[in-house]
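Q: I'd like to learn how to read a model like this one. Can you walk me through it?

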Amino acid sequence: MANISSEEAPPAPSWFTPKRLLLIFCAINMLNYVDRGAIASNGVNGSLSTCDDKGICTAGSGIQGDFKLNNFQDGVLSSAFMVGLLVASPIFASLAKSVNPFRLIGVGLSVWTFATAGCGSAIDFWSIAICRMLVGVGEASFISLAAPFIDDHAPVAQKTAWLAMFYMCIPTGVALGYVYGGFVGNHFNWRFAFWGEALLMLPFAIFGFVMKPLQLKGFAPAESRKQLAPDTTESVTTDNESIHASNKECVVSHEYVKASEFKGIPRLLDQLSRFSKDMKVLLLDKVYVVNMLGYIAYNFVIGAYSYWGPKAGYNIYQMSNADMLFGGITIVCGIFGTLAGGFVLDRMTATISNAFKLLSGATFLGAIFCFSAFCLKSLIGFIVLFSVGEILVFATQAPVNYVSLHCVKPSLRPLSMAISTVSIHIFGDVPSSPLVGVLQDYVNNWRVTALALTSILFIAAGVWLIGIFIKSVDMYDDNENQTSTPVKTDMEPLLG
């Protein structure tokens, strides 16, 4: 009877409520992008030493000055962390089927913390480049798994709005990174900016291991898998039978351990087979592919904006406070635009088709305003038009990720987010920063470079326009391969 009562006792409730989960994930996402903004800021990124016609030289500053990097190397450094992100994202997404996703986030944040501290201790270009790659490995688990957690626990009528709050941290974090990096780099040393980030992330890394983990929809928890194993002790009624069952269990256990030694390779092959099948499903999904192609073109522009924006503004409009100005514009427009995109889609009724309408329309109008802004010689006119353009462009953040989450079955959401992340980086902002650096080295005119870059937003709008005419089905309620009972037990404390 004691055993029965202990088995029927409900699990200890999780400390998390949906709002707490959203708040913590937003803080982590903010720190991830503060790091991206900080390394792009003039205070941390710095500049090479220069000499004027009179032979008066100015010493270099920041990373570029200390390590004597040209624009191409500088652009490569901004994209180095993507290497780790691209390699690790599909791995973490696949591991989510066998390891609790919440624990995987804890592992990733630990790697991120130590790697960021390593950036501050770098001695040359290659050492900081390697640390940036490891920062990407750490970020990979969070990027792949955070959005599905939020999607599961957000109120049904506010799913896109909650995603908007999460993705609002991208422009806000980058903007804060500009300000943070500029302040720390100018008043102390660029190395302190990375050490400060590591200290801020450390509590969240520890948090991922000490808190009771949550489960994702579409994934059976480890406890439910254990329940599938036959329980030999239930049929034991006498002492002799108990001894007999115990001996039998020892034999079976020994044979299992012996056999498991030879199961490593088949299990790996089985995982690879499942991964290839899941990848085939994603790549044959027209809705997913169109959404991803538009996102790649969009991210090509946004990635280069975030890295070269302060330097372009400084050179085109002689902004003495380019870090602060671009940071302020991005914070205000990023918050307002991202939240507006989520709330507008919820008011339209969140469907995949409506998401594509919002993606195409907002990106097209945003491209017009941003392109016009760089044509102006007036700083005030630039600020006004570019601000409106950024609001419209950032309105796409929640809808594009809503499509990635809802055009696939629940069990494919981590992989969907991982491959989306891999694609937008490997074809988007990874090549865009160094390519824009090469273009600028060639034309030596930041206005021409900025206009050429901005025109790619029109391509993104055209690709997303195609998605409106593709037949789409929301797959969120598809319960295939799902053990609903255990998941329900884990979700009750969250929704109570």
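A: Here is a short tour, from the whole chain down to a single residue.

Q: Before anything else, what is the mean pLDDT of the chain?

A: This is a predicted model, and the mean pLDDT of its chain is 77, with 77% of the residues reaching 70 or more. By helix, confidence peaks in α21 (residues 456-467) at a mean of 95 and is lowest in α22 (residues 484-495) at 35.

Q: Where does pLDDT stay under 50, and over which residues?

A: Where pLDDT is low, the predicted coordinates should not be read in detail. Here, one such stretch is residues 222-262, with 12 contacts beyond four places in sequence. Another is residues 480-496, for which the model has 28 such contacts.

Q: How many helices and strands are there in the chain?

A: The chain has 22 helices and two strands. Of its 496 residues, 52% are buried. Among contacts with a separation of 6 or more, 83% join residues 24 or more positions apart.

Q: What about the outside: how much area does the chain expose?

A: About 22900 Å², and carbon and sulfur atoms supply 67% of that.

Q: Which residues form a nonpolar patch on the surface?

A: To join a patch, a residue needs over 30% relative accessible area. In this chain V83, V87, I91, L95 and V99 form one, and together they have about 380 Å² of accessible area.

Q: Why can I91 count towards it?

A: I91 sits in helix α5 (residues 71-95). Its relative accessible area is 48%, so I91 is partly exposed and clears the 30% cut-off.

Conventions:
Residues numbered from 1 in each chain as written. Predicted model: local features only at pLDDT ≥ 70, side-chain atom pairs only at ≥ 80, totals over all residues. Heavy atoms only, no water. Helix = DSSP H or I, 4+ residues; strand = E, 2+ residues; numbered from the N terminus. Buried < 20%, exposed > 50% of the residue type's maximum accessible area, 1.4 Å probe, protein only. Contact = heavy atoms within 4.5 Å. Areas by Shrake-Rupley, 256 points an atom, 1.4 Å probe, with all protein chains shown as cover. pLDDT = per-residue confidence, 0-100. Patch = residues over 30% accessible without salt bridge, like charges linked within 9 Å, V, L, I, M, F, W, Y side chains within 5 Å. Salt bridge = Lys/Arg side-chain N within 4 Å of Asp/Glu carboxyl O.
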